[in-house]
Amino acid sequence: KIEISVCACRPAALQLLRRGLFPCAPIAPSLAVDVRMLEFVTTLFVRMPPNATAWCDTLESFLDGRGYKLDSRDSLRRRFSNALLWYGSLVNATKSVVTAYLEESRLSLRPSVCEDSSDDSTRGRSRVTVEEVADEDAAPSVASSGDVSDEDANEDSDGGASSHQSQEEPPLSRPSEYLRQRCPLCFGGKNCHDPSVVADVIACLDACFTQKRRKNKDGQRDPPRSHPDSVFMPEEDVEAMRAFVEATRGSSRTRSRPAETQEDVDGDRYEGNLRVPNSVLDECKDSFGAADEKREAASTQFFIDTDLMGLLCRHDRVLWLINMTTAGERQYYALALIKKFFEHLPPSMTVGILYDIGCQLHRSCVKWDFLPDVRDRITFGLAVFHAYGHQWACQIIYHPRKCVGFGLTDGEGCERFWSAIKKLIPVLRVSGYHQRLFVLDTQVKHLDEKSLHGMGLWLSRRWVHCQRKKSDAVDLLKKCGIDDDVLRREWRAQVEEQTKPAPRRSKNKGKLAVSKVIALRKSESELK
Ligand SMILES: [Zn+2]
Ligand SMILES: [Zn+2]
Ligand SMILES: [Zn+2]
């Protein structure tokens, strides 16, 4: 039993903390939890769906069996949750402060690039102290109607400031500090650009249709609480891209009507510098479009946050996530992610992007002139498991195994990430808006840490796999006995033939073909 005497200069919270106990409230706490216990629960709650109710129930029943009676279960749950929440905030704040200090000394060692955006993000991070987090959480509980506008104002000012600054900044000389932290294998190191490769980094892009959140009755959001190192893209960035995409399409759609009808008369052709004709891409679109429409119908009716879309590097580490609020048309989410990605990259770096419908995304970029300044640095491809749903001619160009530069990357990192956060689906379906994003951020951090420890192993496993594949391929090439040049020439000819625009439609094509066959038959019999 510990007794403490409290006065203004020696608050209970501090005295408890010094004894390794975390109080449930800053003033007059009625429950203090051992820090080791909180650490255990925190560690547990990223490996299973977080459930403080079940935890407290278990604890109480366990203690009860040993003769310790707590006054009431419900209040234990509330107080324990408070302690857990503030303990988590404290740990996050500590990490931010340490990162900020590291960043500061790193910048002083690299004076030449002290003006890049990493400088900006450091200042943003170092501002987050425990006290300020506390303020943020305390404010919204006062008024529920006021906090929405308050929060919007905050986001607006933040977004305005960052976009304003990015225009004035000199180009980055290396990937931003944010990206370097997201994946050291992709963005660390000294040389970020290698002119001999098609893509310096490969990222994959996908949407997930299971991480939804139900509409709640009043449509209000919970009190804001954001992770200090969040991977979610600010809502206003997504909104800006949506507005831009809709404006571009809306205005050109009405104008380009006559052009489209003419296209039908002329027959098939290529869009811009694309290497796959429109007829093929249309078929790709049809086969994927149907599936989307079905999903759309179900999701917006019951859910307010419909999906997640993520951009992950080839090591399955999350670069950015978007919380999707509309179903169906998803291209602007993808475009917003790609745009953000390039803002954090130096202008020399090239990127390969794998996406289920990479061919469609590429087509819209060319057709509507999206991402004009970075488009020539992007190589689009399909995610491997979805590639077989595409037309053959499309696969020839976009399949990552046929497109030079993608190596053995499969573009399915998103699927693996969705599967890793599958356990959170039931909890997050009924969660508050900010709470949901916070839990997802925490989960991303957990997975990052896990993958960081495994990266050496990952590299060695992939290297061995790659070498085996290569030696197998070389053996096969030797066995077939055909010259390398010949094979390459044949492949080029095949690609050209297979991706030709469909022949112009005409009424007597069939007749012509039949008469040709008949003529051939005749000459054949005559020869006999
Ligand atoms: Zn005193
Ligand atoms: Zn990576
Ligand atoms: Zn396709």
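Buried here means under 20% relative accessible area. Keep in mind that this is a predicted model.

Me: Is cysteine 186 buried or exposed, and what is its relative accessible area?
Reply: The cut-off to beat is 20%, since buried means under that. Cysteine 186 falls below it, so it counts as buried, with a relative accessible area of 14%.

Me: Which protein atoms are the donors of the zinc ion (ligand 2)?
Reply: Look 1.9 to 2.3 Å from the zinc ion (ligand 2) and you'll hit its protein donors. Along the chain they follow the spacing C-x2-C-x126-C-x1-H. They are Cys183 (SG), Cys186 (SG), Cys313 (SG) and His315 (ND1).

Me: How many residues apart in sequence are the parts that cysteine 186 and cysteine 313 tie together?
Reply: Cysteine 186 sits in helix α9 (residues 184-187), while cysteine 313 belongs to strand β6 (residues 307-313). Cysteine 313 is buried too, at 1% relative accessibility. So the pair links parts whose separation in sequence is 127 residues.

Me: What is the site of the zinc ion (ligand 3), going by the angles among its four donor atoms?
Reply: Cys284 (SG), Cys359 (SG), His390 (ND1) and Cys394 (SG) coordinate this zinc ion (ligand 3), at 2.0 to 2.3 Å. Four donors pass the test if all angles lie between 85 and 135 degrees. Here the angles run from 99 to 124°, and the site is tetrahedral.

Me: Which helices hold cysteine 284 and cysteine 394?
Reply: Both cysteine 284 and cysteine 394 are buried. The pair ties together parts 110 residues apart in sequence, because cysteine 284 and cysteine 394 lie, respectively, in helix α12 (residues 278-302) and helix α16 (residues 392-398).

Terms used:
Residues numbered from 1 in each chain as written. Chains lettered and ligands numbered in written order. Predicted model: local features only at pLDDT ≥ 70, side-chain atom pairs only at ≥ 80, totals over all residues. Heavy atoms only, no water. Donors = N, O, S within 2.8 Å, 3.2 Å for Na, K, Ca; no water. Helix = DSSP H or I, 4+ residues; strand = E, 2+ residues; numbered from the N terminus. Buried < 20%, exposed > 50% of the residue type's maximum accessible area, 1.4 Å probe, protein only. Tetrahedral: all angles 85-135°; square planar, octahedral: opposite > 155°, others 65-115°.
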